[in-house]
There are 2 protein chains.
Amino acid sequence: MNAPPLYLRMHPSDNVAIVANDGGLAAGMRFADGIVLLESIPQGHKLALQAIAAGQAVLRYGVRIGIAKEDIAAGAWVHEQRLLMPDAPSLDTLPTCQPITTPLPALTGYSFQGYRNADGTVGTRNILAISSTVQCVAGVLDVAIQRIKTELLPMYPQVDDVVALEHAYGCGVAIDAPGAEIPIRTLRHLALNPNFGGEVMLVSLGCEKLQPERLLPPGSLPIQAMGAESKSQLRLQDPAHQGFQAMLQAIIEQAHHHLQRLNQRRRETVPASALIVGVQCGGSDAFSGLTANPAVGFCTDLLVRAGATVLFSEVTEVRDAADQLCARASSPEVAQAIRREMAWYDAYLQRGGADRSANTTPGNKQGGLSNIVEKAMGSIVKSGTASIAGVLAPGERVHGQAARGLLFAATPASDFICGTLQLAAGMNLHVFTTGRGTPYGLAACPVLKVATRSELAQRWHDLMDLDAGRIATGEASLEDMGWQLFHLLLDVASGKRTWSEHWGLHNALVLFNPAPVT
Amino acid sequence: MNAPPLYLRMHPSDNVAIVANDGGLAAGMRFADGIVLLESIPQGHKLALQAIAAGQAVLRYGVRIGIAKEDIAAGAWVHEQRLLMPDAPSLDTLPTCQPITTPLPALTGYSFQGYRNADGTVGTRNILAISSTVQCVAGVLDVAIQRIKTELLPMYPQVDDVVALEHAYGCGVAIDAPGAEIPIRTLRHLALNPNFGGEVMLVSLGCEKLQPERLLPPGSLPIQAMGAESKSQLRLQDPAHQGFQAMLQAIIEQAHHHLQRLNQRRRETVPASALIVGVQCGGSDAFSGLTANPAVGFCTDLLVRAGATVLFSEVTEVRDAADQLCARASSPEVAQAIRREMAWYDAYLQRGGADRSANTTPGNKQGGLSNIVEKAMGSIVKSGTASIAGVLAPGERVHGQAARGLLFAATPASDFICGTLQLAAGMNLHVFTTGRGTPYGLAACPVLKVATRSELAQRWHDLMDLDAGRIATGEASLEDMGWQLFHLLLDVASGKRTWSEHWGLHNALVLFNPAPVT
């Protein structure tokens, strides 16, 4: 397939565009409009569409992603060494709140097959989760989970999996220091994820800093309200447990009761509005903002129109779009909350001697993303066009909040920390776009992976769930791809397995702890 | 067994002592010396041996562990509410270096059966380790490890285990921020642990911040020097890997080569000086400093006399003994390095709004430890009496350093972070004392667990490897117990399995990353 030279321009005012062709283009190649490449440019990297003088702005997405360090001729490669990075927008001069945009028209009639929970949430999977207060118990818990999976799970065909909520927190940490509330509430809310059906168990040690009562205050765990508290908590240092085998037996016995109840649950038809979809990107390239992320953005609008909740996150990846986000806030309070979370993160990074520019990776740059500004502009398109209805601080939960629709869930951009915080927020479905390729998966929730390029989708044929690269080649429109993703999400929510579920690919839960360890 | 009331005093100048009896003692009980308890006191908690006026020092270990807040009568319970905590010793007024203490007499003739490595280190186990640059690859690695364990390992009876070095680092982190060198060198040195025999494999993704060349610069991994580099590294984004099953196959094939070589290794008689023993305590109680830790301290002296290296750690647990430690430094440079590490940690905690007092846990306090000063005095006795020959900053490695013998390996006190850093330092044997009880274990190295109380040793009969509680009941002397531990260590180093190995109880590796996540 020897496709003609093709570039992709995002916005009429842009003075750079992206080389679309697989394998890049050699010096001397001529585009249909007559521009000739002065040097070879890899796929996904930028060419100058016109001469750009030193000191002039380089525009992509209609946004200034950098300032030319030197004169750049039309047809030249616009790479990171030729750009100065602009400062982040000041948080003091942001628009407080624009007039509210017209709400998107409602989209009715869409539903999926889900598990209704007593607290009003809906699960897309039926999982027994065993939470833990502290890493000390992880060894025992791992052995117990293996036994439960091998010996009990086959007896309960309606239960999808047994999952340990293990983590590095709980002791050896400054549990009263500023910021410690974040990992604690994250762990608490993880246990309340809709996919666990209110049947979570808790294994604690006994002497740890994070005592069970602090992790799950009375009433916070639905099962406790049902009067079955003794069946859902187990403390290894309890004198009743005469050694390891006794502990193991006790955990397995408790699991039995929970599995019995979970096994009686059945999927029911529920409206699409019960979805809480977390969107994230990882291993991004210049195509992320061209194909997969815009398709996700289109789908985000569909989900919001259908009454669902969509979480977009990753503070350092949207920091450079602070002004755009605040302008989309549904109220001055929401704009203020966006500012608050960004200011908090600015201060957190500064305290550690870093700033938002620490975000970009070698792979981003190889993929054509020159800096965090360009990456951010490609990242926020996942959020679509709806107004932003609310903000969650790290570890906060959707359920119980007034706002639904499009929410900014402030999290670090680390795939695993972001995923863990979105799970804690109540995510029951996860969309993950990738350009370089990552085999990301979570045990607690289905992850649907979208490739930004067809080459990746073909190479990783048994890992990528959707190929958005077809937008770049013209085989599918952005709208087609957005609808395709929307329908696929409803299927996955109803039980269709993603590739990461098929192979059992699960990444670790990683808590965000901005406080010191001791 | 109705034992007579018994208290344990640590030092002739102490004005408090510890209630030794199981279950504690009731008000009105009279000790042999005539002191009568004014109130009921739990086991491990302190009674006043004489009247202590408000403002007077409360002494245990001959050290001021607190100041009486109120008048305390002889026979009263000296609990945390009745004590003010003293300030930490100032790092500016520490002894620079006392005259060097007389070296302990050499102990010759002790050996164990170990695996000699090309770099001069000696393994106590023969393990295939697969390291990773980033959490992104963990899902694939987990599935691969399961397959290798099930399908390959049984064919290689001389290989003890296959272990993934998984972690939350590698991307989504401020990799150039101050402190980032700590997790990076920790990961690098973990791969060089003596128990991996220089046969470590590395699985990377491709686009992550922590590139393989940065994790393991050329020459740092012995296997690379042997010209077999292509057999020990694998990058998932490499175009050669057409999907998940291809990745899996590639990892399994590489593992095959490494297992073949590891399987040819045999144990040889090596001197006890090849041991690098990490000592740690977790879930401490007031007996930790009375029984298990002093026994470990005695054994530490034996090990140092036999030429072995002993690492003691946990900065916040020795901070209050800064003056004692500096006085034991073998040179002014070592004293300076102790001060440097403590000052660094003070600043790290302060930046996060915490101090050393964040160390103690609810379990410590229930176990009778009033504050970090008392805990610290009980903790440092693990280090015995030898002079301190050197200091390792977090993540540094013993091998290649001049100093052997007793080393202060500066680490957080978190059991898992400390254990991970001791593994990175080159630990091939781990001693862990516990009073409240923890089922701690590491996949990379045998962990020998010592109970501080016989009640715990009996209750957790299939988890505790040694009962040091027999010191409190008079059934064994401290010296007996120290020698018993020394011999047991040589047996475990030679292949005898500990309880945590028997059950396969493994805690997570947890990296110490003082820098921000992005």
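Here are some questions and answers on how terms are applied to this predicted model.

Residues are numbered from 1 along each chain as its sequence is written, and chains are lettered from A, with ligands numbered from 1, in the order in which they are written. In this predicted model local features need pLDDT of at least 70, side-chain atom pairs count only at pLDDT 80 or more, totals for chains, interfaces and linings use all residues, and side-chain values use heavy atoms, with hydrogens and water left out.

Q: How many residues of chain A are in contact with chain B, and what makes a contact?
A: Contact means heavy atoms within 4.5 Å. By that rule, 70 residues of chain A are in contact with 70 residues of chain B.

Q: What does the buried area between chain A and chain B come to?
A: Buried area is the accessible area (1.4 Å probe) that two parts lose on being put together, summed over both. For chain A and chain B that is about 5200 Å², with 64% of it on carbon and sulfur atoms.

Q: How many salt bridges and how many polar contacts link the two chains?
A: A salt bridge needs a side-chain nitrogen of Lys or Arg within 4 Å of a carboxyl oxygen of Asp or Glu, and the count between chain A and chain B is 0. A polar contact is a pair of N or O atoms within 3.5 Å; within protein, one must be able to donate a hydrogen and the other to accept it, and residues adjacent in sequence count only if both atoms are side-chain atoms. Here 34 residue pairs are in polar contact between the chains, both residues being at pLDDT 80 or more.

Q: Why is the pair of Tyr110(A) and Phe486(A) called edge-to-face?
A: Rings of Phe, Tyr and Trp (its six-membered ring) pair if their centres lie within 6.5 Å; planes under 30 degrees apart count as stacked, over 60 as edge-to-face and the rest as tilted. Tyr110(A) and Phe486(A) sit 5.0 Å centre to centre with 80° between the planes, so edge-to-face is the right name.

Q: What makes Trp499(A) and Trp503(A) a stacked pair?
A: Their planes are 10° apart and their centres 6.1 Å apart, so they fall under the cut-offs for a stacked pair. The two are 4 residues apart in helix H16 of chain A, about one helical turn.

Q: Why is Phe486(A) called buried and Tyr110(A) partly exposed?
A: Buried means under 20% relative accessible area, exposed over 50%, and partly exposed in between (1.4 Å probe, protein chains only). Phe486(A) has 0%, so buried fits, while Tyr110(A) has 27%, so partly exposed fits.

Q: Are Trp499(A) and Trp503(A) buried or partly exposed?
A: Trp499(A) has 29% relative accessible area and is partly exposed. Trp503(A), at 21%, counts as partly exposed too.

Q: How do you know that His167(B) is buried, and what does its side chain reach?
A: His167(B) has a relative accessible area of 4%, so it counts as buried. Its side chain reaches the backbone nitrogen of Tyr169(B) at 3.0 Å, and a polar atom of that side chain lies 2.7 Å from the backbone oxygen of Ser132(B).

Q: Why is Ile18(A) called buried, and where does it lie?
A: At 0% relative accessibility, Ile18(A) counts as buried. Ile18(A) lies in strand S2 of chain A (strands are DSSP runs of E, at least two residues; helices are runs of H or I, at least four; both are numbered from the N terminus).
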